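Here is the note you asked for, set out as numbered points for someone opening this structure for the first time. It takes the open and closed spaces in turn, then the surface, and then two single residues.

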Amino acid sequence: MDDEFNVTYITLDGYVDIHKYRYLYFVIMFTAYILILCSNSTVVYLIVVHPNLHEPMYIFIAALLLNSVLFSTTIYPKLLIDFLSDKQIITYSACLLQSFFYYSLGCSEFLLLAAMSYDRYVSICKPLQYPTIMNKTTISMVLVLAWLVPAVHIAVPAILNANKKLCRFTFKGIICNSTVFKLHCVTSRGDSIYGVIIMFNVTLLPLLFILFTYTRIFIISYRSGRDVRKKAAETCLPHLLVLIIFFCLSTCTVLLLLVESDFSKTVRFIMILQLIVYHPLFNPIIYGLKMKEISKHLRRLFHMSKLT
């Protein structure tokens, strides 16, 4: 606690042997961050500059990859600074802000994946109505809501807890999350209840909607001809792979928060690094390789770079 400036500092105690491996950690995570920025930005660039990719499916993919860039930027700069610092500390207000973006952008991922599943559902199950339903207005509203709804949900506990007094100043982690509320002198049961409400509204509901839409797609594709099944496989498989990876990593993170005392410091450290590295890095790779049109433009881009 810095009484002179009335600033509360929290020690981040989730790092493992940081003084011994600080430069190794820095090089690995800096490389991962550059790869995340370059790979996601490249696919977004291709979608923006090529008119044949200005379709709802590709617009949602660009939004998802942009969300990954924002999510990574919330975490990596502070992480890289900590690796090279003698003390791994953060102000309480900055910790709340990082926690807000961490959860807000993470929940936006579920809503964007739900929007993509609905887009595939309309395209495959109601092809004649697709241009009418998935128009520019609908797409714009869906994208705004995908970022706005989680932000409003997450902002409430962040604002309510901003002025609460802390009795503990050591946080068992490297990224600020909901467990920072355990540092309060008085823990509120309302925070836990509201956390369940947030999880239900912006994670479980979108997940159930995704399961419903893909189930309908598979049923209708099975009953339809070969062309419909081929279209469903080509366009839905990348989305399903991204969803499965994100869901598995998110589940591991939630379990880590619920039973953190049962895991060693090293296990917690590795699991958190997996979440912030694998998912933002796998998304552009999956869409770049599995989506035919994006893959085609990627090959042309690399071919042009070789010629120059």
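1. In this predicted model, the lining of the second largest pocket draws at least two residues from each of α2, α3, α7 and α9, the last of these being residues 292–307. Among these contributors α7 gives the most, with six residues. The volume of this second largest pocket is about 360 Å³, and of the 17 residues that line it, Met57, Tyr58, Glu234, Thr235 and Met291 are the closest to its centre. Sorted by class, its lining has seven nonpolar, three polar and seven charged residues.

2. The largest pocket has a volume of about 1,300 Å³. Its lining is made by 44 residues, and those that lie nearest its centre are Tyr103, Ser178, Met199, Val254 and Leu257. Two or more lining residues come from each of α2 (56–84), α3 (92–125), α5 (136–160), α6, α7 and α8, and the largest share, eleven residues, comes from α6. By class, the lining of the largest pocket is made up of 26 nonpolar, 15 polar and three charged residues.

3. How many cavities of 30 Å³ or more does a search of the whole structure find? The search finds one, and the volume of this largest cavity is about 150 Å³. It is lined by 15 residues, of which Lys172, Gly173, Leu256, Arg268 and Ile272 are the closest to its centre. The elements that supply two or more lining residues are α7 and α8, the latter covering residues 265–290, and α8 gives the most, with four residues. By class, seven nonpolar, four polar and four charged residues make up the lining of this cavity.

4. On the surface, a nonpolar patch of about 880 Å² is made by Met199, Phe200, Leu204, Leu205, Leu208, Leu211, Val254, Leu255, Leu258 and Val259. At least two residues of this patch come from each of α6, which spans 189–223, and α7, which spans 226–258; the largest share, six residues, belongs to α6. Two of the patch residues, Met199 and Val254, are also among the residues that lie nearest the centre of the largest pocket, a point to keep in mind when reading the two descriptions side by side.

5. Leucine 205, one of the residues that make the nonpolar patch, has its place in helix α6. Is this leucine buried, partly exposed or exposed? Leucine 205 counts as partly exposed because its relative accessible area is 38%, which lies between the cut-offs of 20% for buried and 50% for exposed. The value is also over the 30% that a residue needs in order to be part of a patch.

6. Threonine 91 is found in strand β2, which covers residues 89–91. With a relative accessible area of 19%, threonine 91 is classed as buried, because buried means under 20%. A reader who wishes to relate this strand residue to another part of the chain may take tyrosine 214 as a second point: the two residues are 123 residues apart in sequence, and their C-alpha atoms are 43 Å apart in space.

Methods: Residues numbered from 1 in each chain as written. Predicted model: local features only at pLDDT ≥ 70, side-chain atom pairs only at ≥ 80, totals over all residues. Heavy atoms only, no water. Patch = residues over 30% accessible without salt bridge, like charges linked within 9 Å, V, L, I, M, F, W, Y side chains within 5 Å. Areas by Shrake-Rupley, 256 points an atom, 1.4 Å probe, with all protein chains shown as cover. Salt bridge = Lys/Arg side-chain N within 4 Å of Asp/Glu carboxyl O. Buried < 20%, exposed > 50% of the residue type's maximum accessible area, 1.4 Å probe, protein only. 1 Å grid on protein atoms, 1.4 Å probe; cavity = no way out; pocket = protein on both sides within 12 Å on 5 of 7 lines; lining within 4 Å. Points joined across faces, edges and corners; volume = space filled by probe spheres on them. Nonpolar A, V, L, I, M, F, W, Y, C, P; charged D, E, K, R; others polar.
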